[in-house]
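Q: Please take a close look at one part of this structure at the level of individual residues, and then set that part beside its wider surroundings. I would like one connected account.

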Amino acid sequence: MKKHMRHHSIALLCITGILSAFVNPLSLQAQAAGDRPPNIVFILVDDLGWGELGTYGNTFNETPHLDQLAAEGIRFTQAYAAAPVCSPTRASIMTGQYPARVGITDFLPGKTSRYLAPDSHVTLNEALGTAGYRSALIGKWHLDTDFGANPGGPDKHGFDEVIGTETKYIADGDYFFPYDKIATFTEGAENEYLTDRQSDEACRFVERNKDTPFFLYLSYYSAHTRLEAPAPVVAKYRKKFDAKYGAGKAAEVYGVGADAKTGARHPDNPYLAAMLEGIDDGVGRLLQTLREQGLAENTLVVFFSDNGGPGRIGNNGNLRAGKTWLYEGGIRDPLIMRWPGHIQPGQVSHEPVTSTDFYPTFIAAAGATAPQGQQLDGINLLPLLTEGQQPQPRNLFWHYPSETGRWKERMASAVRQGDYKLLYFYARDRYALYNLKDDPGEQNNLARQLPGKTAALKKLLAQWKKDVNAEEPVLEKDPK
């Protein structure tokens, strides 16, 4: 069938020339006083729903270290991934650009010509390198799935250390040693749990690099759609499920042994809870390592998810839908930041922020340089984080043509302006308008009631799509 989408190798315009200065005066003052710029630890979880942490109201999952991290820093209630699936959000983090501008707007499948081309972008770690940062990726990359040539792999994008990244397509999971899809981990203990191994490697990286500023990108594979965790931890939460819902209920809902239905639809999932405990324990050990090395006070720690939880097994709180949808459940994520002495503890921010904001925020904190010719779509959040200064009002955009998944009903674009969010669904040529302040669950479509607001947001969305050269979805005709 003929395809009408613009085809990318993601080799956009080659960035040439020198880097122009984008320096944060606070960082320069700190360095002048004899202090080095802050270490940056960016922790990304796969498919973590908005309602899955204790600090976001979950009472079944146990996440004490992450809850404490939030208590010691700032928790965002309206933080967004730039896309409802992993690869485009990861592209937005690495480039500071909307996925539609980059040309990666869906998850990268096992066979595709799309990848994040090294000659097209200065990635976040490379920008931080201009300030002397040593960088490491530990875990999932998913911005190139050509594992033979791997032209867009993390090593091609200037990471000083690449540890435990995927060497085969890993969508179906690979959680226990010996690993099939992560050949870079050639040694390990029998039945070693992947999440634990990633956390161990992160701690060792900190210990190795304690004397130099570093950027650590800890990208957990967990808790992706295939749910798998150590049996004793799962048993703990199955027992907790029975205590909450009645004896034998875990067996009734989730089955037992080889017949266990780990993905059964229920807001409390013992398998997901066990995976999240592994992440939480790992974060706790990493934070302890920072303390032991005397680095905790000068490290910005950021915890985020690449998209919302899958609708079948994720817990997105009171938000509508989940992963692969541009409803709030697919794009609104947990976000926690801690930086002692700079971010006051115990804060909760309702300011809408997005994954494109990390790039300008991190280079500002580091006193690094921004790449010339690479437009950054996000904003520097430091004034908000350190001074409580609210950003100027801005519009946020999303575009999901689903060129990989080909889910016609989910092909959509969206814009948020203030409390209002407009979605356009391509398959039915339908607009939906919601007031997120009054209706965060997106149940009351106001498009007909507020035609003026709908028309204004339609115009904004159309102009943005033109500006970023967004590709149009391929709408295959239904068979007669």
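**From a hairpin to the buried strands**

A: Leucine 422 stands opposite leucine 433 in β15, and this pairing is a useful place to enter the model, which is a predicted one. The two strands involved are β14, covering residues 420-425, and β15, covering residues 430-435; they run antiparallel and are joined by 6 bridges. Together they form a hairpin with 4 residues between the strands, where aspartate 429 takes a positive phi near 50°. That backbone angle deserves a second look, since aspartate 429 has its positive phi although it is not a glycine. Aspartate 429 belongs to the loop between β14 and β15, and with a relative accessible area of 55% it is exposed, because anything over 50% counts as such.

Another residue with the same kind of backbone angle is arginine 406, which is not a glycine either and has a positive phi of about 55°. Arginine 406 sits in the loop between β12, residues 395-400, and β13, residues 412-417. Its relative accessibility is 28%, so arginine 406 is classed as partly exposed.

Strand β12 leads on to the aromatic residues. Counting ring pairs whose centres lie within 6.5 Å, one arrives at 28 aromatic pairs. One of these joins tyrosine 98 to phenylalanine 397 in an edge-to-face arrangement, with 6.3 Å from centre to centre and 80° between the planes. Tyrosine 98 comes from the loop between α3 (86-95) and α4 (99-102), whereas phenylalanine 397 comes from strand β12, so the pair ties together parts that are 299 residues apart in sequence. Tyrosine 98 is buried, at 7% relative accessibility, and phenylalanine 397 is buried as well, with a relative accessible area of 9%. Elsewhere, Phe42, Phe215, Tyr217, Phe304, Phe358 and Phe362 form one aromatic cluster.

Phe42 of that cluster is also one of the buried residues of strand β2. This strand, residues 39-45, is mostly covered, with 7 of its 7 residues buried. The covering applies to both faces: Asn39, Val41, Ile43 and Val45 are buried on one side, and Ile40, Phe42 and Leu44 are buried on the other. β2 is paired with strand β7, residues 299-305, in the parallel sense through 7 bridges, and within that pairing valine 301 of β7 is the bridge partner of valine 41. β2 also pairs with β6, again parallel, over 5 bridges, and here isoleucine 43 stands opposite leucine 218 in β6.

Following the chain from β6 brings us to the loop between β6 (214-219) and α7 (231-245), where alanine 223 is found. The peptide bond that leads from serine 222 into alanine 223 is cis, with omega near 5°. Histidine 224 is in the loop between β6 and α7 too, and with a relative accessible area of 11% histidine 224 is buried. Apart from its neighbours within four places in sequence, histidine 224 is in contact with Asp46, Asp47, Lys140, Ala171, Tyr175, Met275 and Lys323.

A cis peptide bond also joins phenylalanine 177 and proline 178, with omega at about 0°. Proline 178 lies in the loop between β5, residues 161-163, and α6. Helix α6 spans residues 194-208, and its axis comes within 9 Å of the axis of helix α9, residues 270-292, the two crossing at roughly 10°. With angles under 35 degrees counted as roughly parallel, α6 and α9 are therefore roughly parallel to each other. From α6, the contact is made by Thr195, Asp196, Ser199, Asp200, Ala202, Cys203, Val206 and Glu207, and from α9 by Gly278, Ile279, Gly282, Arg285, Leu286, Thr289 and Leu290. By character, the residues of this contact between α6 and α9 are 6 nonpolar, 5 polar and 4 charged.

Set side by side, the two ends of this account contrast clearly: aspartate 429 in the hairpin loop is exposed, while strand β2 has 7 of its 7 residues buried.

Terms used
Residues are numbered from 1 along each chain as its sequence is written. This is a predicted model: local features need pLDDT of at least 70, side-chain atom pairs count only at pLDDT 80 or more; totals for chains, interfaces and linings use all residues. Side-chain values use heavy atoms; hydrogens and water are left out. Axes are lines fitted to C-alpha atoms, for helices over the stretch in contact, and angles run from 0 to 180 degrees between N-to-C directions. Angles under 35 degrees count as roughly parallel, over 145 as roughly antiparallel, 65 to 115 as roughly perpendicular and the rest as oblique. Contact means heavy atoms within 4.5 Å. Ala, Val, Leu, Ile, Met, Phe, Trp, Tyr, Cys and Pro count as nonpolar, Asp, Glu, Lys and Arg as charged, and the others, Gly among them, as polar. Two strands pair if DSSP finds at least two bridges between them. Buried means under 20% relative accessible area, exposed over 50%, partly exposed in between (1.4 Å probe, protein chains only). Rings of Phe, Tyr and Trp (its six-membered ring) pair if their centres lie within 6.5 Å; planes under 30 degrees apart count as stacked, over 60 as edge-to-face and the rest as tilted.
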